[in-house]
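Welcome! Please take a moment to look over the sequence and the 3D view before reading on.

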Amino acid sequence: MDAPPGWRRGGNLPAELASFIGRGEHLRRLTEMLAASRLVTVTGPGGVGKTRLAVRAAGSQHGRFPDGVWMADLSQVRDPEMVPHALIAALELQDRSTRDRVDFLVDFLHDKELLLVLDTCEHLVAECSELVERLLGGYGVRVLVTSRQPLGLDIEQRLPLPPLDEADAVELFLDRASLVQPDLAPDRQTVAQICRHLDRMPLAIELAAGRLSALSAEQLLSLLNDRFRLLRREAHGVGPTRHHALRATMGWSHELCEADERLLWARLAVFAGSFDLAAAKYVCASDELPEAEVAGALSGLVDKSIVTRTSSSGRYRLLDTIRAYGAERLEELDETAWLCSRHRDYYLDLARQAERSWSKGSRQVYWYLRMVVEHPNVMASMEHCLATPHEIERGLDLAASLWFLWHACGFTGEGAHYLDRALKASRRPSRERCKALWVRAFVASGQGDIEGAERLARRCAEEAALLGDSEAMTYASKMTGLCAYLRGDFPRATAYLELAVKSFRAESGLNPGLLPAIVELAQCLGAQGQPENAEQLLSECLDLCEANGERWVRSYAYWALADVHRALGRTSRAITSAQRALRSKREFHDVIGSLLVMETLAWLLTDGSPDAASAEQAALLLGAAEAGWRRFGLERLFGSPPFMDQSEEAVRRAVAVLGEGAFQEIADKGAAFDLDEVIARAVA
Ligand SMILES: Nc1ncnc2c1ncn2[C@@H]1O[C@H](COP(=O)(O)OP(=O)(O)OP(=O)(O)O)[C@@H](O)[C@H]1O
Ligand SMILES: [Mg+2]
């Protein structure tokens with residue numbers, strides 16, 4: 001994983017998988033509109049090519065926007081409240097604080113010059129238009145929307161996208177046909193007629209061209225003739241509308257599929273975003289569609305352009321319109337509820353597997369990346385659990401199993417949202433609820449909400465006591481200890497953390513609590529003038545990390561060890577340890593962790609009698625860190641007294657060497673850099 005923590009400026013436009021054809025005139029107009037207007041919406045029916053056009057047009061804008069071109073795909077967002085989260089994720093920001101998400105986005109964007117592409121907004125028009133209106137308060141932000149329906153804002157410029165012109169439609173057909181039958185050279189006249197039938201709708205053309213593996217162009221045309229004659233008759237001679245043309249093509253593609261492909265198409269509609277073969281096998285197999293036949297049916301659907309496969313990741317996905325058609329068939333089969341529960345089983349199991357593996361310290365980077373990819377499906381199964389009364393416990397289980405994703409991988413705000421919803425929906429105490437309570441406390445501590453974390457830990461302890469759930473009681477102690485530490489109440493923190501460490505140790509193997517609790521306890525002891533004891537704990541922790549391949553807590557342990565080395569007069573080892581911690585943080589996009597370590601590193605660099613070079617490096621780190629906390633909407637160092645003392649001391653010492661003016665100048669430079677750039681310099 002080499003993506004930087006913090007925020008980069010380039011953008012995230014997806015790579016185009018298949019060739020792009022025609023649309024010269026519309027690209028030109030769209031570019032002009034983007035120059036003249038701050039909000040442009042490309043409208044048109046499903047499958048007409050809005051997304052492709054937007055991606056193309058946006059791709060040519062990089063030079064104009066110093067802060068990049070960013071795209072948020074909203075097609076998988078089902079919960080309207082998740083719209084701002086989706087934007088935050090698309091911008092590769094992390095929603096770490098308890099602040100209102102929209103305020104956070106508005107603040108972040110107010111001084112940026114960037115283009116934001118909001119793809120597929122028709123199911124969230126009200127939310128999107130409200131959000132876009134606020135985001136456009138920043139003068140450098142422009143928004144390009146694709147939607148079947150405009151947002152309805154006054155400043156919105158609309159570009160209704162018609163189907164392809166005939167020549168381009170034919171070219172698209174021939175291009176996609178050559179992918180399934182490279183040697184085929186269909187007659188252009190026949191193809192032109194086919195395209196006319198399909199109303200020159202790109203998606204319909206792709207679907208039809210996909211059939212050339214089994215049919216000749218002439219056979220295809222004659223089938224279409226029959227089909228549209230019927231449609232015209234049904235429409236009383238009015239002729240099929242564009243919507244009809246696509247639906248008819250889809251219906252017809254559906255009929256031409258083998259029975260197992262039809263069934264699979266319907267069942268695949270349960271996935272959100274992309275999925276892999278293993279998931280398709282587990283979720284979609286049944287007596288009628290044995291597991292061994294899923295792969296064959298899936299590749300049949302790929303051949304027919306119903307399902308797209310990304311060659312780089314080997315994952316599959318359905319375009320929105322095709323998925324919606326499948327979902328209708330699934331309803332007709334009366335299988336929706338069954339499929340949703342298979343889907344939920346699969347992703348709940350995956351989340352548990354990820355948690356087990358993460359807690360044991362193995363393959364953490366793999367699981368982090370995997371869960372980011374599976375994110376839309378995990379959210380979809382969460383929505384399912386929360387919408388189904390007797391599944392609330394499972395929803396709690398799922399939301400709690402993903403603690404590492406929420407807490408360690410930057411999905412804090414989202415975790416808080418789902419945990420809150422699940423906790424609100426659950427009434428009676430249960431083990432799942434207790435776990436969700438301590439996980440929520442953990443998340444709150446990461447948001448700097450110490451009071452909230454304490455309250456949740458207390459509730460967890462009370463409910464766990466009722467149930468006799470000793471494991472949850474241990475986690476509640478750990479959380480209470482952490483909060484006390486963050487408040488600077490070291491004796492209280494030590495008492496709770498010692499209790500927690502003792503209980504965690506009594507369990508066999510690693511668990512999510514042991515290693516973090518050891519690090520926190522070591523920090524407490526260090527803060528109370530016991531660096532030797534702290535060092536002993538940390539070296540035990542690092543040995544355990546090493547033995548298990550644990551990387552996340554390891555980075556915290558190195559960070560804590562830096563303090564210990566410093567207390568024992570080994571400043572250069574302290575610096576090396578902090579640099580190690582910082583390197584590890586990058587693997588998980590752990591921005592908050594990075595900021596914490598940057599502050600410590602600045603403090604260490606100014607220790608003793610620093611030379612000008614060290615003081616300058618410290619100033620750069622302090623400036624970047626201060627801007628980082630602000631960017632993520634957090635109070636600097638959570639306002640935690642022990643941390644703040646160090647940070648303020650570092651500033652004083654650096655100013656003493658450099659002078660006020662030079663310090664500020666360098667700090668400002670640090671604030672303007674990408675976080676990653678600053679980190680790269682600091683660990684070099
Ligand atoms: N100009 C084009 N060149 C090549 N392929 C195209 C073009 N326009 C659209 N397509 C293809 O047609 C299909 C539908 O296009 P796209 O997804 O952009 O439509 P859309 O209008 O965004 O649909 P929806 O409303 O469902 O989001 C895609 O597979 C896309 O690759
Ligand atoms: Mg689209």
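This report walks through the domains, the ligand site, an enclosed helix and a handful of individual residues.

## The overall layout

Please keep in mind that this is a predicted model. The chain is divided into five stretches: domain 1 (24-160), domain 2 (166-256), domain 3 (259-334), domain 4 (513-588) and domain 5 (590-683).

Domain 1 and domain 2 are a good pair to start with. Their centres, taken over C-alpha atoms, are separated by 33 Å. In the contact between them, domain 1 takes part with six residues, and domain 2 also with six residues.

## Around ligand 1

Which residues are closest to ligand 1? Of the 20 residues that surround the ligand, the closest are G47, K50, T51, E206 and T321. Domain 1 (24-160) and domain 2 (166-256) each give at least three residues to this shell. If you prefer to navigate by helices, look at helix 2 (50-59), helix 6 (166-180) and helix 8 (202-209), each of which supplies at least two residues of the shell. By character, the shell splits into eight nonpolar, six polar and six charged residues.

Some individual atom pairs are worth finding in the viewer. For T51, a polar side-chain atom lies 2.7 Å from an oxygen atom of ligand 1. I21 takes part through its backbone, where an N or O atom lies 2.8 Å from a nitrogen atom of ligand 1. R176 has a polar side-chain atom 2.9 Å from a nitrogen atom of the ligand. Taken alone, ligand 1 exposes 630 Å², and the protein buries 93% of that.

## An enclosed helix

Next, turn to helix 17 (residues 392-401). Why is this helix described as largely enclosed by the rest of the structure? The reason is that eight of its ten residues are buried. The buried residues are I392, G395, L396, D397, L398, A399, A400 and S401.

What do these buried residues pack against? Their partners are helix 15 (336-360), helix 16 (364-387), helix 18 (403-408), helix 19 (412-425) and helix 20 (431-446).

## Two residues with positive phi

R23 and T120 both invite a look at the backbone. R23 is not a glycine, yet it has a positive phi of about 65°. You can find R23 in the segment before helix 1 (24-36). Its relative accessibility is 7%, so R23 counts as buried.

T120 also has a positive phi, of about 70°, although it is not a glycine. This residue lies in the loop between strand 3 (114-119) and helix 5 (125-135). Is T120 buried or exposed? With a relative accessible area of 11%, T120 is buried.

## Q523 and R570

Q523 is found in helix 24 (residues 514-527). Its relative accessible area is 13%, so Q523 is buried. Apart from neighbours within four places in sequence, Q523 is in contact with Y485, W559 and A560. For a sense of distance, try Q364: along the chain, Q523 and Q364 are 159 residues apart, and their C-alpha atoms are separated by 24 Å.

R570 sits in the loop between helix 26 (552-567) and helix 27 (571-587). A relative accessible area of 24% makes R570 partly exposed. Not counting residues up to four places away in sequence, R570 touches E535 and H565. With E535 there is a polar contact from side chain to side chain, at 2.9 Å. W559, one of the contacts of Q523, is eleven residues from R570 in sequence and 14 Å away in space, C-alpha to C-alpha.

## R653 in helix 30

The last stop is R653, placed in helix 30 (residues 641-658). Is R653 buried or exposed? At 16% relative accessibility, R653 counts as buried.

Which residues does R653 contact, leaving aside its neighbours within four places in sequence? They are R566, W603, T606 and D607. With W603, the details can be followed down to the atoms: a polar atom of the R653 side chain lies 2.9 Å from the backbone oxygen of W603.

Note on methods. Residues are numbered from 1 along each chain as its sequence is written. Chains are lettered from A and ligands numbered from 1 in the order in which they are written. This is a predicted model: local features need pLDDT of at least 70, side-chain atom pairs count only at pLDDT 80 or more; totals for chains, interfaces and linings use all residues. Side-chain values use heavy atoms; hydrogens and water are left out. A residue is near a molecule or strand if one of its heavy atoms lies within 4 Å of it. A polar contact is a pair of N or O atoms within 3.5 Å; within protein, one must be able to donate a hydrogen and the other to accept it, and residues adjacent in sequence count only if both atoms are side-chain atoms. Accessible areas come from the Shrake-Rupley method with a 1.4 Å probe; for residues, only the protein chains shown count as cover. Helices (H or I, at least four residues) and strands (E, at least two) are DSSP runs, numbered from the N terminus. Ala, Val, Leu, Ile, Met, Phe, Trp, Tyr, Cys and Pro count as nonpolar, Asp, Glu, Lys and Arg as charged, and the others, Gly among them, as polar. Domain bounds come from an automatic or database domain assignment. Buried means under 20% relative accessible area, exposed over 50%, partly exposed in between (1.4 Å probe, protein chains only). Contact means heavy atoms within 4.5 Å.
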